[in-house]
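Reader: Please show me the model, and let me ask how a few of its descriptive terms are justified.

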Amino acid sequence: MLPKRTLGKIDMEVSILGLGTVKLGRNEGVKYPQSFKIPDDKEAAALIGLAKDSGINLIDTAPAYGNSEQRLGKLLKGQRQDWLICTKVGEEFINGESRYDFSPEHARRSVERSLRRLNTDVLDIVLIHSDGNDEEILQRHGTLSALAELKKEGKIRAIGMSTKTVEGGLLAAELGDVVMITWNLQYDDEIAVADYCHQHGKGVLIKKALASGHSTSDPKRGGNTADNPIKQCFEMIFAHPGVSSAIVGTINPEHLRANISAI
Ligand SMILES: NC(=O)c1ccc[n+]([C@@H]2O[C@H](COP(=O)([O-])OP(=O)(O)OC[C@H]3O[C@@H](n4cnc5c(N)ncnc54)[C@H](OP(=O)(O)O)[C@@H]3O)[C@@H](O)[C@H]2O)c1
């Protein structure tokens, strides 16, 4: 079974590998190296079953991931207690385009909608889905305060931001409970955010650990770390004591198995 780590100072034990679900809900306007077919319900249920049986308990979704939230609401029926659900606010994907609304009113409406879609009365983690202007969103829009109110009301357990800049990551870590940052073999600019989070008891989730599929293994190569970019990447990321989990997106059960065995 996969090991678990505590999410900062939050009372939440997350598996070190989480399941990203962009590809369960959306296949347009994405930057993956290959085009793909969205899995049907049977395929998605098998993937989620495999993840759960392997010890994965963290699943990441967002309103911007097409119908990912609605699908998870159905797919996780009867197993809600086995999962920690992370979703987001601020980005919507409408008619093939991303649109952003970081107003407190939208954040509240979005959270209420996520609760309905995900068929639950509490969301474990809700992050602001940044458009890149991390600091401006945190300083001027009141999104995080709206999430803090929803947390007080018991609708959310932990709040934070999925950031795109070092400065924004540091500010999100100061103000929230959790930050989701990018870290992979090609890009390590945001390590400073993980360092800060470790020092201050904030949770760190890693997105794009495999550079959205641009740094994955050649199956013809051996299983040695030196030949296997997935192993290299996981060794690098999980050596950091502040990192709680890497949210890796896959719809391929063989890839999920390979990622688990790389750990
Ligand atoms: N702003 C944000 O908040 C934000 C942005 C990006 C991502 N995220 C979250 O982070 C998650 C991960 O990010 P991501 O999906 O962009 O990038 P990623 O996890 O780095 O890479 C996912 C890609 O790698 C491929 N892959 C996974 N395991 C593989 C393996 N063993 N061998 C070969 N290919 C493999 C997947 O293809 P297959 O499906 O074929 O395995 C998929 O195309 C997302 O699903 C989402 O939940 C959040």
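The exchange below takes up burial, packing and the ligand in turn.

Author: This is a predicted model, in which local features need pLDDT of at least 70 and side-chain atom pairs count only at pLDDT 80 or more, while totals for chains, interfaces and linings use all residues. Residues are numbered from 1 along each chain as its sequence is written, and side-chain values use heavy atoms, with hydrogens and water left out.

Reader: Why is Ser 110 called buried?

Author: Buried means under 20% relative accessible area (1.4 Å probe, protein chains only), and Ser 110 has 1%, so the term applies. Beyond its neighbours within four places in sequence, Ser 110 is in contact (heavy atoms within 4.5 Å) with Pro 63, Lys 88, Val 89 and Glu 92.

Reader: What makes helix α3 largely enclosed?

Author: Helices are DSSP runs of H or I with at least four residues, and strands are runs of E with at least two. Helix α3 (residues 68–75) has six of its eight residues buried, and is therefore largely enclosed by the rest of the structure. Its buried residues, among them Arg 71 and Leu 72, pack against α1, α2, β4, β5 and α4.

Reader: How do you know that His 255 makes a polar contact with the ligand?

Author: To the ligand, a polar contact is a pair of N or O atoms within 3.5 Å; a polar side-chain atom of His 255 lies 2.5 Å from a ligand oxygen atom, which meets that limit. Taken alone the ligand exposes 890 Å², of which the protein buries 90%.

Note on methods
Buried means under 20% relative accessible area, exposed over 50%, partly exposed in between (1.4 Å probe, protein chains only). A polar contact is a pair of N or O atoms within 3.5 Å; within protein, one must be able to donate a hydrogen and the other to accept it, and residues adjacent in sequence count only if both atoms are side-chain atoms. Accessible areas come from the Shrake-Rupley method with a 1.4 Å probe; for residues, only the protein chains shown count as cover.
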